[in-house]
Amino acid sequence: MTAEINLLKKMGVKIVKYNNYVIASCSDKLKCANIETKPYPGFPTDLQAQIMVLMAKAEGISKIKENIFENRFMHVSELRRMGAHIEITENTAKIIGGEKLNGAELMATDLRASVSLVLAGLVAKSSTIVNRIYHLDRGYENIEKKLSRCGAQIKRLK
């Protein structure tokens, strides 16, 4: 996880590594960064949607160049509905950070997008509802229970 940890550190996240786990913490002032998705050991395409949420909170302009999969920015329209300022040009997303995200009713389009919407909802000013969570359940079993143990106020609606 070297690429991921290095990016988080560059953005101002403090990381303490232990044998079987890490502890991450940060202040309210995250820094912008630029990344390109690459095959291992580069930055994984599977994490670009999640890191985009962090970049939306960081001060300044960040960029993500998606080199692995076409159409991997399907979550962007939903993040925009929350107030994120993101511009897409070909395979590059330009994220103008520092804005507060607002809660919204959202639609998940795939596994990675769905977890990024959950993360965005956790940092939003008001409640967020993520629909079509069957995408989420394919890769994140009982995510609401796990995040609740970390202090998140999250619940599954029937």
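**Exercise 1. Find which residues of helix 2 are buried, and work out what that says about the helix.**

Solution. Start with the cut-off: a residue counts as buried when its relative accessible area is under 20%. Now go through helix 2 of this predicted model and pick out the residues that pass. You should end up with Gln48, Ala49, Gln50, Ile51, Met52, Val53, Met55 and Ala56. That makes eight of the 10 residues of the helix, so helix 2 is largely enclosed by the rest of the structure. For the chain as a whole, 37% of the 158 residues count as buried.

**Exercise 2. Lay out the elements of the chain in order, then decide how compact the chain is.**

Solution. Begin by counting: the chain has six helices and eight strands. Walking from the N terminus, you meet them in the order α-β-β-β-α-β-α-β-β-β-α-β-α-α. Next comes compactness. The radius of gyration is 15 Å, close to the 15 Å that the globule rule gives for 158 residues, so the chain is as compact as a globular protein of that length.

Now put a box around the C-alpha atoms along the principal axes, and you get roughly 40 × 40 × 30 Å. Then look at contacts with a separation of 6 or more: residues 24 or more positions apart account for 58% of them. Finish with the outside. The accessible surface comes to about 9700 Å², and 51% of it belongs to carbon and sulfur atoms.

**Exercise 3. Track down the unusual backbone spots at Pro41, Asn71 and Arg132, and say where each one sits.**

Solution. First, the background: most residues other than glycine have a negative phi, and most peptide bonds are trans.

- Take the bond from Tyr40 to Pro41: this peptide bond is cis, with omega near 15°. To place Pro41, look in the loop between strand 3 (34-36) and helix 2 (48-57).
- Move on to Asn71, which isn't a glycine but has a positive phi of about 65°. You'll find Asn71 in the loop between strand 4 (61-65) and helix 3 (76-81). Its relative accessible area is 62%, so Asn71 is exposed.
- Last up is Arg132, another residue other than glycine with a positive phi, here near 60°. Arg132 belongs to the loop between strand 8 (129-131) and helix 5 (134-137). With 37% relative accessibility, Arg132 counts as partly exposed.

**Exercise 4. Go through the salt bridges: how many are there, and which residues do they join?**

Solution. The cut-off you need is a side-chain nitrogen of Lys or Arg within 4 Å of a carboxyl oxygen of Asp or Glu. Apply that and the count comes to six salt bridges. Let's walk through some of them.

1. Glu78 and Arg81 meet at 3.3 Å, N to O. Both residues lie in helix 3, three residues apart, which is about one turn of the helix. Check their surroundings too: Glu78 is buried at 11% relative accessible area, whereas Arg81 is partly exposed at 48%.
2. Glu87 and Lys94 pair up at 4.0 Å, N to O. Here Glu87 is partly exposed at 40%, and Lys94 also counts as partly exposed, at 28%.
3. Arg156 and Glu144 come together at 3.1 Å, N to O. This pair links distant parts of the chain, with Arg156 in the segment after helix 6 (143-148) and Glu144 in helix 6, 12 residues apart. Arg156 counts as partly exposed at 31%, while Glu144 counts as buried at 13%.
4. Now look for shared partners: salt bridges of that kind join Asp46, Arg72 and Arg112 into one network.

To round off the charges, tally the side chains: there are 25 positive and 16 negative ones, and the centres of the two sets lie 6 Å apart.

**Exercise 5. Describe the setting of Lys100: is this residue buried or exposed, and which residues does it touch?**

Solution. Place Lys100 first: look in the loop between strand 6 (92-96) and strand 7 (105-107). Next, check accessibility. Lys100 comes out at 55%, and over 50% means exposed. For its contacts, leave aside residues up to four places away in sequence, and you're left with Lys57, Met82 and Lys125. One last step: go from Lys100 to Val123, which is 23 residues away in sequence, and the C-alpha to C-alpha distance is 8.3 Å.

How values were computed:
Residues numbered from 1 in each chain as written. Predicted model: local features only at pLDDT ≥ 70, side-chain atom pairs only at ≥ 80, totals over all residues. Heavy atoms only, no water. Helix = DSSP H or I, 4+ residues; strand = E, 2+ residues; numbered from the N terminus. Buried < 20%, exposed > 50% of the residue type's maximum accessible area, 1.4 Å probe, protein only. Rg over C-alpha atoms; globule rule 2.2 N^0.38 Å. Contact = heavy atoms within 4.5 Å. Areas by Shrake-Rupley, 256 points an atom, 1.4 Å probe, with all protein chains shown as cover. Lys, Arg positive; Asp, Glu negative; His and termini not counted. Charge placed at Lys NZ, Arg CZ, Asp CG, Glu CD.
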